[in-house]
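User: I am learning how descriptions of helices are justified. Could you take me through the reasoning for this structure?

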Amino acid sequence: QKMPPSLPATINIREPRWDQSTFQGRAKHFFMVTDPRNLLLSGATLEEARRVVEDYRAGTVHPGLTEDQLWRAKYIYDSAFHPDTGEKMILVGRMSAQVPMNMTITGCMLTFYRTTPAVLFWQWVNQSFNAIVNYTNRSGDAPITPSQLGTAYVSATTGAVVTALGLKSLTKRLPAIIGRFVPFAAVAAANCINIPLMRQRELSLGIPVTDENGNRLGESTAAAQKAIFQVVVSRVGMAVPAMAIPPVIMNVLEKRAFLKRYPYLNAPLQVGLVGLCLVFATPLCCALFPQKSSMAVSSLEPEVQDQIRKKDPWLETVYFNKGL
């Protein structure tokens, strides 16, 4: 039996498989990255994927490796290892954990929104989870100290919980259906607090910017601001369908005899509806912006522009990992 022809070592697996200049290409990429089934992969499978990817990047092609197997290994690798540091990411912080974790937390937030202790508890759980995700998917490779991480976590979580309680108190005299949207408003506001605080080191020190070939040119705080803004927009977008559609459906269902007879089905039904929304909203909102974002050299800080001009006077665009 003939061996399949050896795979050429020229496939660019540093970039996604699909064209990232189109929304459709980015959506296909993020459906792979956020696939919850990646969480079930064993440590041995992850290490094998890492070995295949790193060997291929170094110019070594494993015998019998097909192009589909190579791309599969690349997406397994991307789902578990940080693109800048190469470190294995915390399990619950990976993008493949977004759907199962968020459907559980969001479903419970939407179900148990009536009492202050419940709002307090579920907002704390949600912001703690967000803090892990924001840290795990940060941009850049600069280390962050435990004290900086602790300060950011406390600030972000406190700000988010206070926001949620403040919004809840404003809705006491409003119709019940409005009260159901308090968790969404709180989550949207909290994302605007949590993400910048958990990534404040990037805002103060900058994130790496490169040329088209990945050659590092310096660190830019202007790039960090753009990256964090794009991530906030994506995260708020993710929350819209999951937190806006189920409340409307549940408001109708709770008036029917079925849920009055079986009230214990309220939470599972809500979690299921949220999960259905998130399966599509998570990858589609991640796809709003390319992960390898870009900006004009002229939009960077003057000192970074000068640094780049010395290396390449004709360069017009730089690239950076925006994080997720």
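User: What makes H1 and H12 oblique to each other?

Analyst: In this predicted model, helix H1 (residues 23–33) and helix H12 (residues 266–286) pack at an angle of about 125 degrees, with their axes 8 Å apart. Angles from 65 to 115 degrees count as roughly perpendicular and those over 145 as roughly antiparallel, and because about 125 degrees belongs to neither range, H1 and H12 are called oblique. The contact involves Phe23, Ala27, Phe30 and Phe31 on the H1 side, while H12 contributes Val279, Phe280, Pro283, Leu284 and Cys286. The crossing of H1 past H12 is right-handed.

User: Why are H10 and H12 called roughly antiparallel?

Analyst: H10 and H12 pack at an angle of about 150 degrees, with their axes 8 Å apart. An angle over 145 degrees counts as roughly antiparallel, and therefore the pair H10 and H12 receives that description. Among the residues that make this contact are Gly237, Pro241 and Ile245 of H10, together with Leu273, Cys277 and Ala281 of H12. H10 also passes H12 in a right-handed crossing.

User: How do you know what span to expect for H10, and where does H10 bend?

Analyst: Helix H10 (residues 221–253) has 33 residues, and at 1.5 Å a residue the expected span is 48 Å; from the first C-alpha to the last, H10 reaches 48 Å, close to that expectation. H10 nevertheless bends by about 30 degrees at Val240, and a proline, Pro241, follows within four residues.

User: What makes Ser220 a cap for H10?

Analyst: A side-chain oxygen of Ser220 lies 3.2 Å from the backbone nitrogen of Ala222, and because a polar contact requires such atoms to be within 3.5 Å, Ser220 is said to cap the N-terminal end of H10.

Methods:
Residues numbered from 1 in each chain as written. Predicted model: local features only at pLDDT ≥ 70, side-chain atom pairs only at ≥ 80, totals over all residues. Heavy atoms only, no water. Helix = DSSP H or I, 4+ residues; strand = E, 2+ residues; numbered from the N terminus. Expected span 1.5 Å × (residues − 1). Bend = angle between axes of the 7 residues up to and from the residue. Polar contact = N/O pair within 3.5 Å; in protein donor to acceptor, adjacent residues only side chain to side chain. Axes fitted to C-alpha atoms, helices over the stretch in contact; angles between N-to-C directions. Parallel < 35°, antiparallel > 145°, perpendicular 65-115°, else oblique. Left-handed = near helix turned anticlockwise from the far one by under 90°. Contact = heavy atoms within 4.5 Å.
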